[in-house]
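Here is a quick tour of one protein model, meant to be read with the structure open beside you. Have a look at the picture before going on.

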Amino acid sequence: MDQQVIYERLLEEFDYNLHVYDTIDSTNAEAKRRLLAGKITKPTAIIADHQTAGYGRHGRNFYSPSSVGLYLSLVWPIELTDIVNPGQITTGLAVAAVEAISDVLHIDVGIKWINDLYYLGHKVAGILVEAQNDALVIGIGLNINPTDYPELIQGKVGALTQDKIDRNDLAIRLIQNFDYYFTEAQLDDVMLLYRERSLVIGQPVQLLLDHQEIHGIAENVQADGGLVVRTARGNRTFYSGEITKLSLPDWRYS
Ligand code: BTN
């Protein structure tokens, strides 16, 4: 990835800081270090070609090999945005990433609640939102075209494309879209797009929540990010937990 190319094209539109690394432990960790050191005064993008200790939700590793992925963190001082609803941020980010992928790679990916992106039945991107020092750190990792995966994630994780693509284009589009969905997009429009791309609405799901398994049909994703599940005990809304089983018999995106 080319710092100069990204910077020049971004600066035409935004007043951002940008840091591009060949290798780093984690772009989210770097973002948090910079926040702690008081070094972040405006929106900042941190991008790496390779992460040695990339991490995701639930304390998991995020496999981040060199040359075949894109690992990006955006740091947003919170007062710069009107959006304060964390659920809306999360759904907006998923939609922003789906659209960036569609614009640059011309493929349609689906969203597994709350913001994992899937293509042809495999996870191809994950998003992690963290808050620290009056700022939000938004991390996204994309598996662009990895060819081999650690045993633990084999069969679960996939690639967005087999082609060599210009990752600068994708990084720029992601930043542009995140900025738009963060500052300008209307909640109704975000939710319309989110629901359209949801892989879970209408599907039988198993949700793992604090070692408890919830079974039911996913009825809806609310504007605040809550997942409504029709269970044997009626409709219940969840704000945390992870969908651990989801059958995708009629894969709608190709
Ligand atoms: C998930 O799937 O649970 C979220 C994965 C988020 C991974 C990205 S890669 C860029 C940023 N740096 C990290 O260490 N994590 C996020």
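What follows covers a sheet, a helix that lies across it, and some aromatic pairs. Keep in mind that this is a predicted model.

## The sheet

Let's start with the strands. Seven of them make up an open sheet, and its pairing is mixed. Going across, the order is β1-β2-β3-β7-β6-β5-β4. At the edges sit β1 (17–24) and β4 (110–112), each of which pairs on one side only. From one strand to the next, the twist averages 20°.

Now zoom in on one pairing. Strand β2 takes in residues 44–51 and strand β3 residues 69–77, and the two pair in the antiparallel sense over five bridges. If you want a spot to find on screen, look for A45, which stands opposite L74 in β3. As general background, strands of a sheet pair through backbone hydrogen bonds, either parallel or antiparallel.

## The helix across it

Helix α4 covers residues 167–183, which makes 17 residues. From its first C-alpha to its last it reaches 24 Å, close to the 24 Å expected at 1.5 Å a residue. At the start of α4, D166 has a side-chain oxygen that comes to within 2.9 Å of the backbone nitrogen of N168.

Where does α4 lie? It lies across β2, β3 and β7 (135–143), and it runs at about 30° to β3. The helix is also mostly covered, with 13 of its 17 residues buried.

## Aromatic pairs

The structure holds four aromatic pairs, and two of them get a closer look here. One is F62 with Y71: the ring centres are 6.5 Å apart and the planes stand at 75°, so this pair is edge-to-face. Are F62 and Y71 buried or exposed? F62 has 16% relative accessibility, so it counts as buried. Y71 is buried as well, because its relative accessible area is 2%.

Another pair is formed by Y180 and Y181, and it is edge-to-face, with 5.1 Å centre to centre and 85° between the planes. Why does Y180 count as partly exposed? Its relative accessible area is 37%, and partly exposed means between the 20% and 50% cut-offs. Y181, on the other hand, counts as buried because its relative accessibility is 9%.

Notes:
Residues are numbered from 1 along each chain as its sequence is written. This is a predicted model: local features need pLDDT of at least 70, side-chain atom pairs count only at pLDDT 80 or more; totals for chains, interfaces and linings use all residues. Side-chain values use heavy atoms; hydrogens and water are left out. Helices (H or I, at least four residues) and strands (E, at least two) are DSSP runs, numbered from the N terminus. The expected span of a helix is 1.5 Å times one less than its number of residues. Buried means under 20% relative accessible area, exposed over 50%, partly exposed in between (1.4 Å probe, protein chains only). A polar contact is a pair of N or O atoms within 3.5 Å; within protein, one must be able to donate a hydrogen and the other to accept it, and residues adjacent in sequence count only if both atoms are side-chain atoms. Two strands pair if DSSP finds at least two bridges between them. Axes are lines fitted to C-alpha atoms, for helices over the stretch in contact, and angles run from 0 to 180 degrees between N-to-C directions. Contact means heavy atoms within 4.5 Å. Rings of Phe, Tyr and Trp (its six-membered ring) pair if their centres lie within 6.5 Å; planes under 30 degrees apart count as stacked, over 60 as edge-to-face and the rest as tilted.
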